[in-house]
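Reader: Hi! Could you walk me through some helix packing and a few backbone details in this one?
Author: Happy to, let's take a look together.

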Amino acid sequence: MRNNVLICTAMAITCCSTALAQSSAKATVGAARAVIKKYAPKYTAPIMDELCDKFKKSPEVAVGIADAYLYNQRDTAMAHRYLNIALSINSKYSPAYLLGGEIEESAKDTAKAIRWYERGIHTDPAAPECYLAYAKLISMKDPAKSQRKIEELLTHNPDYPVNLELAKMYERIGDNMEADSEEQKEAYGKSIEFYGKCNLDYIPKAKLESFGIMLYANSKDYVKAIEVAKFGIKKYHPVNGSFNRLAMMANFNLQRWSDVVLFGEALLKSDSTKISLDDYWNLARAYRNTQKYDKAISVSRQLTGNDSISDEKKLPVYLLIAQCRKDMGDWASAKREYESYMQKKGELGTITAYDLSEYAGMYLEQSKELNGEEKLQAYKEADAIYKEMADKFPNNIDFALINRLVINSKIEQGDFDAGLAGPIAEQLISVMLAKAERNTTDNARLVTAYNYMANYYLRKKKSDIKMSKAYFQKVLDIDPNDENARKAVTILK
């Protein structure tokens, strides 16, 4: 049975060799590779020897056979054998030296690989392959030397795109560095530098994408990233997913909302790019910022209805929907959306001072369109929310109190005897004076509280001129240029 297998194998190889011998050198190498991949060297060697005899003036066949043994059989001995045949045919055939170095690299012998590449460079100084292989081999250990080796090529081949090769080299170095390390940032920075020296038209599509992404992520050069993205869109396809996403993201960071919408909508039309959740989220926010509220809500609903997104990650989307309803002036819907959002945050225990501020802001926005009792009720709703903020978030108490002071001053409508804002102003003063250091915002809040108390004592039914003057003086102690306080201190006796 075994003999039959060997006979069949031999017959198959013989048939292949007959076909190969009648082909061009390139076709012969392709067929030889298929045979070498399938059969053991002891069966294929005689056939390969025969092929080399038939193509005794073509080192291409011998190198192709050597390459097949190296990469399809991992047989360095057979690879060397046919490499030597190629060099005996033409000792100046550069691809042979390139393969010689690759054989030594596969054996982990860097020194021998370098010698092969050096011989190849010496043999054909204008051929780029050995320069590039040499540079790649040492690039991680000595990037500067690797760069010099590639730049040597310009002496013999001034038209070769050396800047492109250097850009790719430094990009590859960066890809192999620790993520977000200074070394990686430096490598990507150099890659960006050399890509920047290239004509965009000659940068391959995949590398053009890499260039744009590095501009965006590494150097934060959003304007240049957009330039690259637009070039890619124009050259490759109007709805190219990767370039439209790049343009969308870069414009998002520049807050160019109309352009975010432009490129985002083009991205959605791409039939070859998977649209990510972040894409939808960025587009939804851009729609809101361009007052396209219905579209913002529609895109947001796609996210809230997606079961693959956790409830926690959906929270910002629910807030965006509420904000859109508020921006539209649809107060009934806005209240429902905000209440739903706050309920969900409460269930997860993640309510923040910002959430409460947004919620209160909805009532304050609504109050601008109301009158009479309805307006007062909106103020009271907002005040209750800021009171909750003051109670729950001590670090934000001064922000909550200044808002409560302003709101309750409006509720009083000048009736200082109502006594609504007085205790709040006193509490705010106490909080501000307890601070070890005060910034400009702190002083402005303190002045507001002092002014309120000065007017409180001056204008209530049983006025207290002495206390009013004292508070106006406190205003001047902080802001000597306050003309109103200066006049009050002068006039009040």
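Author: We'll go through two helix pairs, one helix with a buried side, and two loop residues, bearing in mind that this is a predicted model.

Reader: Great. At what angle do α12 and α13 cross?
Author: The axes of α12 (residues 205-217) and α13 (residues 222-236) cross at roughly 160 degrees and come within 8 Å. With angles over 145 counting as roughly antiparallel, that makes α12 roughly antiparallel to α13.

Reader: Is that crossing left-handed or right-handed?
Author: The crossing of α12 and α13 is left-handed.

Reader: And which residues make the contact?
Author: From α12, Lys205, Leu208, Phe211, Gly212, Leu215 and Tyr216 take part, and from α13, Tyr222, Lys224, Ala225, Val228, Phe231, Gly232 and Tyr236. By type, the residues in this contact of α12 with α13 are 9 nonpolar, 2 polar and 2 charged.

Reader: Nice. How about α7 and α8, what's the angle there?
Author: For α7 (residues 110-123) and α8 (residues 129-138), the axes cross at roughly 155 degrees and come within 8 Å. That makes α7 roughly antiparallel to α8. The crossing of α7 and α8 is left-handed.

Reader: Which residues meet in that pair?
Author: Thr110, Ala113, Ile114, Tyr117, Glu118, Gly120 and Ile121 of α7 meet Cys130, Tyr131, Ala133, Tyr134, Leu137 and Ile138 of α8. The contact of α7 with α8 divides into 10 nonpolar, 2 polar and 1 charged.

Reader: Switching topic: which residues of α26 are buried?
Author: In α26 (residues 483-491), Ala485, Ala488 and Val489 are buried. They cover an arc of only 95 degrees around the axis, so they sit on the same side of α26. In general, an α-helix has 3.6 residues a turn, so residues three or four places apart point the same way.

Reader: What covers them, and what's on the other face?
Author: The cover over the buried residues of α26 includes α25 (465-478). The face turned away from the buried side carries Lys487, Thr490 and Ile491, which are exposed.

Reader: Last thing, backbone. Which phi does Lys108 have?
Author: Lys108 has a positive phi of about 65 degrees, although it is not a glycine. Most residues other than glycine have a negative phi. Lys108 lies in the loop between α6 (94-106) and α7, and it counts as exposed at 74% relative accessibility.

Reader: And Asp180, where is that, and is it buried or exposed?
Author: Asp180 is in the loop between α10 (162-175) and α11 (182-195). Its relative accessibility is 62%, so Asp180 counts as exposed. Asp180 is not a glycine, but has a positive phi of about 65 degrees.

How values were computed
Residues numbered from 1 in each chain as written. Predicted model: local features only at pLDDT ≥ 70, side-chain atom pairs only at ≥ 80, totals over all residues. Heavy atoms only, no water. Axes fitted to C-alpha atoms, helices over the stretch in contact; angles between N-to-C directions. Helix = DSSP H or I, 4+ residues; strand = E, 2+ residues; numbered from the N terminus. Parallel < 35°, antiparallel > 145°, perpendicular 65-115°, else oblique. Left-handed = near helix turned anticlockwise from the far one by under 90°. Contact = heavy atoms within 4.5 Å. Nonpolar A, V, L, I, M, F, W, Y, C, P; charged D, E, K, R; others polar. Buried < 20%, exposed > 50% of the residue type's maximum accessible area, 1.4 Å probe, protein only. Arc of directions from axis to C-beta.
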